[in-house]
Structure formats: structure tokens, C-alpha cells
Amino acid sequence: MKFQGTLIVAVFVLVICSLPCGALPGPIEEGISAAGFEVRDDSIASIVLPSGSNDSHMSKSDVDDHHITGEEHHTGISQVLPSGPEEPVPLSRLTAAEIEQVQSSKAGLAETGMKAQGDAVVLVPVTPSPTGCGYAYQYPGTDTDYWIYGPGTYTPGSDISAMNPFVITITAPDVYLDGNGHTITGTGTGTGIMLMNSSISIANVSRISGFNRGLNSTGVDVTIRNSSFTNNEFGVQTNGNSTLITGITATGNTIGGILTFGSHSSIHDSAIYGNQNTGIVTYECTNISIRNNVVENNTYGSLLILGSKSEIRNNTILNNGGGIDTTDEGVVIADNVISSNKYDGIWSYGDDAIISGNTISGSEKRGIYSLGLRTGIRNNSLDTNPEGVNASGNNSIISENTVTKSSDVGIIMRGENSTVSWNQVSGNYEGIGVVGGNSTITGNTVHATEHVGMYSFNSNSKIVDNTVDDGRITLGIMGGNNTVTGNIIRNATRTGISVWGWDTIVAHNTVQNSTTGIDLSYGSASVTDNVLVNNSKSGIFSDGFGHEINRNVISGNQRGINITGTGAIVAENHVSDNVFSGIESSGTGTVIRGNTVGTNMFMGIYVTGDAASITGNNASNNWVGILSGGNSSVITKNIVNTNRLLGIGYEGGTTVVSQNEIVGNTIGGIVADGSDTVISQNTISNTGSGGIFLSAGNASVTGNTLQNNTDAGIYLDITSNSGNGSVYNNYFGNLKNVDGEGDTGQFTWTNPAGPQPGTSVVGGPYLAGNYWSNPNGTGWSDLQPVNPNGYVTTPYPVFSGANDTAPLVRPGVIPVTLTANFTTVNVTGVPPLTVRFIDLSTGYPTKWRWNLGDGSYSTLQNPVHTYNGIGRYTITLEVENNHGSAIVRKPTFVKTVRPQR
């Protein structure tokens with residue numbers, strides 16, 4: 001990368017003649033040419049850098065080409081940067097002995113301890129200079145005060161004020177200039193010290209000020225140490241490779257503190273502050289080491305690194321226009337303290353950069369802004385920046401950073417195929433955002449965000465094993481084919497996980513103490529094996545199409561699962577202890593199957609949408625087991641036991657309720673208020689009131705077994721509508737089998753088509769009327785003679801004016817199998833735990849013997865027992881009648897536990 005343009009560095013008037021103090025080591029022209037400059041005529045040479053133009057400023061296209069336009073590259077210097085030699089001579093690196101560490105400060109720099117090699121030659125303003133001294137003072141035609149042309153050690157005899165554009169010019173190699181605490185002062189132009197050969201060392205100059213360049217070097221293997229450069233345009237400019245700048249102070253310079261073009265150079269232990277443009281600039285050079293410097297209060301920027309494979313380490317960078325800006329590949333930025341800079345703390349454009357271990361705070365825009373590919377951003381600490389980390393390059397890694405108090409976003413990754421992992425992000429407006437697809441967000445902890453804790457706005461990303469809490473929306477997903485697994489989400493004031501995309505997998509997450517646990521919108525999603533606990537609204541809210549919600553554990557929410565979209569599948573979830581409902585759906589075509597929905601305060605399953613399928617669920621120990629208000633629904637093969645109000649209730653038309661087990665519900669087994677409904681093949685027993693409450697029109701009630709219900713097997717309420725229907729082929733075994741009010745005569749109690757071939761509920765060969773028994777097996781049908789047709793034509797009076805004209809009877813000797821079974825209300829809790837046991841035995845038992853597991857026994861059919869100790873209790877029930885006995889044993893069926901603390 002090259003800036004276009006040239007800068008006239010100096011003008012020498014060259015007059016070739018003999019010197020009074022000895023022969024030169026070579027013609028001056030050759031020395032200048034060897035340094036990479038051009039001599040344009042015989043007597044006056046404009047020393048210009050090669051391959052330059054005559055422009056003294058960069059054009060807009062030059063700036064655009066190098067990506068330093070506007071605020072995206074705010075530390076670009078306001079004046080033209082001169083170019084260095086096109087092909088510098090490669091020399092060996094400095095030896096360890098030459099690289100001495102010097103502690104720097106703004107007040108001044110300590111003595112390095114470097115000794116002169118032999119007796120130093122004192123530069124004195126005497127013309128002609130002494131013979132053989134190695135320098136000349138104001139030699140005619142040179143435009144320099146002191147011209148050092150011989151190797152050796154030199155020192156000024158006193159402070160120097162410029163008389164010529166160049167104060168000290170060194171064209172010889174192997175020179176050590178010891179400033180000895182003196183100053184060099186210019187008039188606002190020219191160069192204080194000009195180095196034009198290799199292996200030169202400059203040290204201990206108290207102050208070099210008032211020049212275009214305080215020091216300008218074209219040589220290689222140059223050392224500049226323990227000196228101060230103030231109030232120049234540039235403090236120091238170096239063009240040769242392998243330069244060491246250490247222990248210097250550069251302050252108050254109008255363009256920059258240090259400008260270097262030389263590769264394999266080092267800038268160490270220096271104080272660069274109060275310059276009007278940029279503190280340190282490296283240009284078109286590689287393998288630069290910038291370490292242990294203090295760079296402060298520079299107007300436009302701290303460090304501008306335009307070269308590859310450089311290392312910027314352990315610097316303190318404070319209150320500059322910008323922090324560290326790099327443009328080329330392979331740069332290492334590590335362990336710096338960067339604070340209160342106007343724009344970005346670190347701005348990195350090159351590929352393969354490593355940014356690690358930095359402490360960055362108080363930037364006015366971004367803590368770290370990375371645009372290069374394959375950037376590694378690790379172990380940085382970022383505090384109180386508008387954006388903590390902003391990375392746009394693909395295949396980058398942001399890992400193990402600590403990011404706090406960002407007013408916009410803690411970390412945002414815009415590149416694809418990238419990883420954001422194991423970061424600690426807290427107190428930001430937004431925590432972590434990933435815009436690029438095919439990325440991985442894993443192992444991060446995001447705490448106390450004001451808006452969104454973590455979000456992904458593209459496709460094919462993985463959000464895995466993060467902990468996110470205390471935000472408005474803790475985790476937001478937009479885009480397709482994303483995977484969200486293993487995350488812990490807590491305390492979201494709005495939503496724990498929000499999914500706006502399609503084909504998203506949300507699995508094995510824990511969401512608790514939020515407003516809504518998981519919110520599904522728009523496209524399809526699969527939500528499986530999550531734990532959603534104590535969310536103040538819904539555990540899962542689904543408003544899209546075809547969402548699959550399977551095998552989740554959902555408890556302690558206001559609503560467990562709430563469906564408003566269409567075509568959702570809700571299967572095999574365990575939903576308990578929710579305030580209003582376990583599973584609720586107002587959407588069309590919802591499939592609810594195989595769920596365990598228990599101990600919810602109000603509704604177990606509540607459906608108001610049409611065309612629902614509710615099948616194979618266990619909806620027990622709720623206030624209401626299943627309540628459906630939609631049309632054309634199917635409620636089948638569910639276990640609906642011991643609910644505190646009723647088992648199944650519905651008011652939608654064309655509903656089918658079949659093959660359900662409905663036992664021990666307090667008020668009613670089935671409450672039906674819809675028209676054109678079918679209630680068939682259900683087992684309804686031990687309700688505290690009626691088995692079936694029916695106020696529907698055109699109802700068909702067939703094939704049901706209703707026994708041991710307290711008030712009535714079936715209750716007809718035809719007071720407010722013109723209910724009608726047919727009730728046949730049912731087994732009634734209650735103390736009171738039928739009751740009702742209104743025009744109950746509109747119901748028929750025999751097959752409307754007359755007895756038809758088919759197996760009746762008592763095994764007879766015809767489907768005719770109903771079998772009328774009682775809990776003891778001594779009802780009307782039990783007492784009728786055996787009839788091989790399984791029915792008789794003697795009418796059974798159901799109501800006044802309403803008869804069963806073909807009541808069922810025993811078709812012969814019916815082998816009745818005695819089986820023992822029971823259920824309970826409250827099987828787990830803190831002692832004292834009161835448990836109500838409900839007999840579900842079949843085959844008409846007449847005696848019951850209970851072993852309640854704690855040394856207590858009962859002979860009641862439905863005993864109630866209180867457990868006072870801590871333990872697990874095995875329950876045994878033995879039943880018998882005149883034909884034999886049966887027994888059932890349920891290990892550790894009742895469990896009492898210690899109260900939680």
C-alpha cells in the first residue's frame with residue numbers, strides 16, 4: 001500500500017572541494033544516492049524520495065484507496081506522508097546488547113548509561129574544523145551546521161541553535177552521537193539531525209525542537225534513544241530498516257510524534273503525547289515492534305500502523321483522537337491499556353490480526369473495530385464503550401473477552417463462519433449480536449442487558465451452551481436453519497428465547513423467571529427437551545405455522561404452552577403447576593398428544609380453536625382436565641383423572657369424545673354443551689357428581705361405561721335449548737343412573753335403528769338399549785333372566801314418559817374377570833401429606849383390603865390417609881367377591897419429602 005506524493009526533505013548546496021580535516025570517505029553525491037535520494041544537478045540537490053509526484057497533499061482517491069476516509073479511519077494524518085526508499089538494503093537485526101530498556105515519562109527520560117566508544121569528539125562551532133576530527137562546521141555549500149563524515153563518537157559542546165536548514169548531518173557509518181543533555185533548536189524548517197548511513201546511534205539530546213523533522217534517518221541499524229523531540233512537524237522520521245527508537249519523548253509536534261518507513265524496527269519505552277495529529281505512524285513497512293510506550297493526548301490518533309506483521313504490545317494509550325489503527329495483515333495488538341480515545345480504541349483492517357489482552361475503556365465509538373478476515377479477538381477487557389467489539393471479517397474468533405457497560409452493543413459479529421465464545425458480557429444495552437451466517441455462539445455469559453441479551457440475524461448458526469439473564473429479550477433468533485441448544489436463560493423482562501425465523505431447532509435449553517419463556521413467530525420451528533420454569537406469562541408461546549413442541553418440561557408459569565398459530569404439534573410434554581392452563585390453543589388444527597398435564601391450578605388442556613386433535617394425554621389433578629370450545633375437535637384415548645372440577649368439558653359442535661378414562665373427578669366426568677357430538681366408549685367412574693352432563697343437541701352417547709358416580713351416571717339439562725339425541729349401548733352402574741331437567745323426553749334410550757348386530761357393552765350380540773346396573777351389580781338388568789340376544793323387550797322406565805324399549809341384559813353366563821387397580825390424589829409432598837385413594841378395580845369387588853405402606857391398613861373402598869414421616873411408601877390393594885380375589889402392588893407410589901429451604 002502506498003500514498004502518492006513527495007515531500008522535499010531538505011536542500012543541500014553541494015560544493016565538492018577538499019576539507020581541512022582530512023579526506024571524505026566518499027563523494028557526497030554517492031552518500032546521498034546510497035541513502036536512496038536523488039541529486040538533480042551538480043551544485044544543488046533537492047533530496048526527494050524516489051518514485052514520487054509533485055503533489056504535496058493526498059487526493060480524495062488516494063484516501064479512498066487506502067480506506068482512511070471519514071470516521072472509519074479518523075487517525076489519518078492531515079499532511080502528506082513521504083515515501084521511503086523503494087528497495088531498502090536488508091541488514092541484520094539489532095543485537096540484544098544494543099536494545100536497552102529505558103523507562104520513559106513526560107517529564108523527561110533517565111540516563112541510559114551508554115558510554116562513548118573511546119574519547120568523544122566535541123562538536124564546536126569553529127571554522128575550519130580541526131584536522132582529522134571527522135566533522136566539519138558550516139562547510140561551504142552543505143546547508144548544514146555540523147557535517148559528520150567520519151565514524152566515531154561525537155558530542156555537542158553546548159546547546160545548538162540552527163544556522164542552516166540542517167543542524168547535524170551524519171553521512172558516515174558507525175557513528176555514536178551523544179547529546180550530553182544539550183538542546184538543538186530550529187527556526188521552524190529543516191531537520192535537526194539528518195542520518196544518511198547505517199549503524200548510527202543518537203542519544204541523550206535534551207530537546208530537539210522547531211524543525212520540519214526533529215530527526216530524519218535514511219540509514220539502517222539506527223538507534224535513537226533517551227532524547228526529546230518537541231514542537232516540530234514530525235518529531236522523528238526513519239526510512240531505513242532495523243531502527244530502534246527507545247526512551248524518547250515526542251510532544252507538541254504538529255503532524256506526528258514518530259513516522260517510520262523502515263521494516264524490522266522497534267519503538268519502545270517512549271512517551272508520545274500532545275502531538276497535534278498522530279502519535280506514531282508506520283508506513284509500508286513490516287515487522288514493526290511497538291512496546292511499552294505511553295501515547296497520550298494526540299489530536300487525531302495514537303498509532304497508525306500501515307504495514308503487516310507488526311507487534312503492538314504493552315502500550316498505554318490515553319485521550320487521543322483514536323487509539324490503535326492498523327491496515328495490513330498479521331498484526332499483533334496485545335496487552336495494551338487504551339482509554340478515553342475519541343473514536344475507536346482499536347481499528348483493524350488487515351487479515352489474520354491477533355487482538356488480545358488489551359484493556360479498552362471510554363472510547364467514543366467502538367472499543368475494537370475489526371474488518372479483516374480470520375481475526376482473533378481474545379482475552380480483552382472492554383468497559384464503557386458505545387460498542388465493545390465490532391467485527392466484520394469472515395472466519396474470525398471473538399473469545400474470552402470481558403465486555404461491560406456498552407451503550408449500544410457489547411459484541412457484534414457481522415462476518416460469516418465465525419465464532420463468539422466464552423465471553424463475559426454484562427451491563428450493556430445489547431449483549432452479543434451475530435449478523436453473519438454459519439457462525440457459532442457458545443459458552444458466553446451475558447448479564448443485565450437493557451434490551452436484547454443475545455441475537456442472531458442470519459441462517460445456519462449455532463447458539464449453544466450460553467448463559468443469558470436479566471434482559472428484555474435475552475435471546476433473539478431471526479433467520480433459517482439455526483440451532484439453539486443447551487442455553488440457560490433467566491430473568492427476561494419480556495421473552496427468554498424469541499424465534500422469528502424458519503426451521504429453527506430450540507432444544508435442551510432452560511428458561512426461567514422470565515415473562516415468556518420461548519416465543520415462536522412466523523416460520524416453522526422444533527422446540528424439544530427444554531425446561532421452562534416460573535415464567536410470568538407462558539412457558540412456550542407459538543404464533544407461527546406448524547411448530548413442533550415436544551418433550552419439554554414446563555411448570556410454574558401462568559400458561560404452560562400457549563398456541564395461537566395453525567397446525568402446531570404439541571407432544572409428550574410434561575406440563576404441571578401452571579397457574580391458568582397447562583396447554584392452551586386458540587389456533588386451528590392443533591395436535592395435542594401424549595402429554596402429561598397435571599396439577600395446573602385451572603385448566604389442564606384448554607382449546608378454543610377448531611379442528612383440534614387431543615389424544616393420548618394424561619390430564620389429571622387439575623381444576624379442569626380438558627376443556628374444548630372449538631368445533632370439529634377429537635378428544636380420544638386420554639386419561640383424565642382426579643381433577644378438582646371436571647374431567648372433560650366442551651361446547652363446540654361436531655366434537656368426538658371417545659375411549660377416554662375419566663375417573664375420580666370432583667364434579668363431572670364429561671360436560672357436553674355442543675351440538676352434533678359423539679360421546680363413545682369412555683370409562684367414567686367415581687365422580688363426585690355426575691358421569692356425563694349433557695345439554696347438547698343431536699348428541700350420540702354410545703358404548704360408555706358409567707359407574708360409581710355419586711349423583712347420576714348421566715344428567716340431562718334441556719332447560720335452555722332444544723337438546724336431543726340418542727343414548728344407547730352404555731353400561732350404567734351408579735346409585736342413580738339418569739337425572740335431568742327440562743324436556744328430557746327428546747332423548748331416545750334405544751338404538752334409533754332398532755337392535756342391530758354388534759357386540760354390546762356386556763358382550764351380547766346386538767346393539768340395542770343400555771345395561772342398567774348399580775355399584776353392587778344388583779340393578780335392573782342384573783336381575784333380568786339371561787337372554788341369548790343380550791336384550792329384552794320389556795321397557796325400562798328412564799323418565800316419566802321416556803323408556804328404554806330394548807334394555808340390555810346378560811346374554812348368558814358372562815365370565816367377569818376381577819382386577820385390582822387404584823389411583824390417588826396427591827402422591828408427592830411435604831408431610832403431613834393427606835392422600836385420597838380411589839378404587840379403580842373391575843369385576844364388581846365386594847371387599848377391599850389396603851396396605852398403606854407405613855404400617856396402616858384400611859378396608860374402605862376409597863380411604864383417605866395422612867403420612868407424617870419422610871419416606872417412600874409402597875401401596876397394596878387386594879379386592880375380592882364371590883368368584884375370587886385380585887391384588888395390585890405399586891412400589892414407592894407415595895413419596896414424602898423434606899421442605900425446601
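This is a short working chat about the predicted model shown above.

Colleague: Let's start inside. Which residues touch the most other members of the largest nonpolar core?
Modeller: Ile168, Ile193, Ile670, Leu694 and Trp749. That core has 127 residues.

Colleague: What does Ile168 touch, leaving out residues up to four places away in sequence?
Modeller: Its list includes Leu123, Thr144, Tyr146, Ile148 and Ile160. Leu177, Ile184, Gly192, Ile193 and Met194 are on the list of Ile168 too.

Colleague: And what lies apart from the largest core?
Modeller: Another core, of 17 residues. Among them are Phe822, Tyr867, Tyr873 and Ala886.

Colleague: Switching to strands. How many residues of S14 are buried?
Modeller: Five of its five, so to speak of S14 (residues 213-217) as mostly covered is fair.

Colleague: Which way do S11 and S14 run?
Modeller: Parallel, with four bridges joining S11 (residues 191-195) to S14. Leu195 has Ser217 as its bridge partner in S14.

Colleague: How many bridges link S14 and S17?
Modeller: Four, and the pairing with S17 (residues 234-238) is parallel. Asn216 is bridged to Gln237 in S17.

Colleague: Aromatics next. How many aromatic pairs are there?
Modeller: The structure holds 22. In one of them, Trp147 and Tyr149 have ring centres 5.7 Å apart. Their planes meet at 65°, so that pair is edge-to-face.

Colleague: Is Trp147 buried or exposed?
Modeller: Buried, at a relative accessible area of 5%. Tyr149 is buried as well, at 4%.

Colleague: What kind of pair do Trp749 and Trp772 form?
Modeller: A tilted one. The centres are 6.3 Å apart, with 55° between the planes. Trp749 sits in the loop between strand S87 (747-748) and strand S88 (756-757), and Trp772 in strand S90 (residues 771-772), so the pair ties together parts 23 residues apart in sequence. Both Trp749 and Trp772 are buried.

Colleague: Which residues form a cluster with those two?
Modeller: Phe732, Trp780, Tyr796 and Phe799 join Trp749 and Trp772 in one aromatic cluster.

Colleague: Where is Asn737?
Modeller: In the loop between strand S85 (731-733) and strand S86 (738-742). Asn737 has 9% relative accessibility, so it counts as buried. A polar atom of its side chain lies 2.9 Å from the backbone nitrogen of Asn734. Beyond four places in sequence, the contacts of Asn737 include Phe732, Trp772 and Ser773.

Colleague: Last one. How many disulfides?
Modeller: Zero. Cys133 is buried, at 10% relative accessibility. Cys285 is buried at 1%.

Conventions
Residues are numbered from 1 along each chain as its sequence is written. This is a predicted model: local features need pLDDT of at least 70, side-chain atom pairs count only at pLDDT 80 or more; totals for chains, interfaces and linings use all residues. Side-chain values use heavy atoms; hydrogens and water are left out. A nonpolar core is a set of buried Ala, Val, Leu, Ile, Met, Phe, Trp, Tyr and Cys residues joined through side-chain atoms within 4.5 Å. Buried means under 20% relative accessible area, exposed over 50%, partly exposed in between (1.4 Å probe, protein chains only). Contact means heavy atoms within 4.5 Å. Helices (H or I, at least four residues) and strands (E, at least two) are DSSP runs, numbered from the N terminus. A polar contact is a pair of N or O atoms within 3.5 Å; within protein, one must be able to donate a hydrogen and the other to accept it, and residues adjacent in sequence count only if both atoms are side-chain atoms. A disulfide is a pair of cysteine sulfur atoms within 2.5 Å. Two strands pair if DSSP finds at least two bridges between them. Rings of Phe, Tyr and Trp (its six-membered ring) pair if their centres lie within 6.5 Å; planes under 30 degrees apart count as stacked, over 60 as edge-to-face and the rest as tilted.
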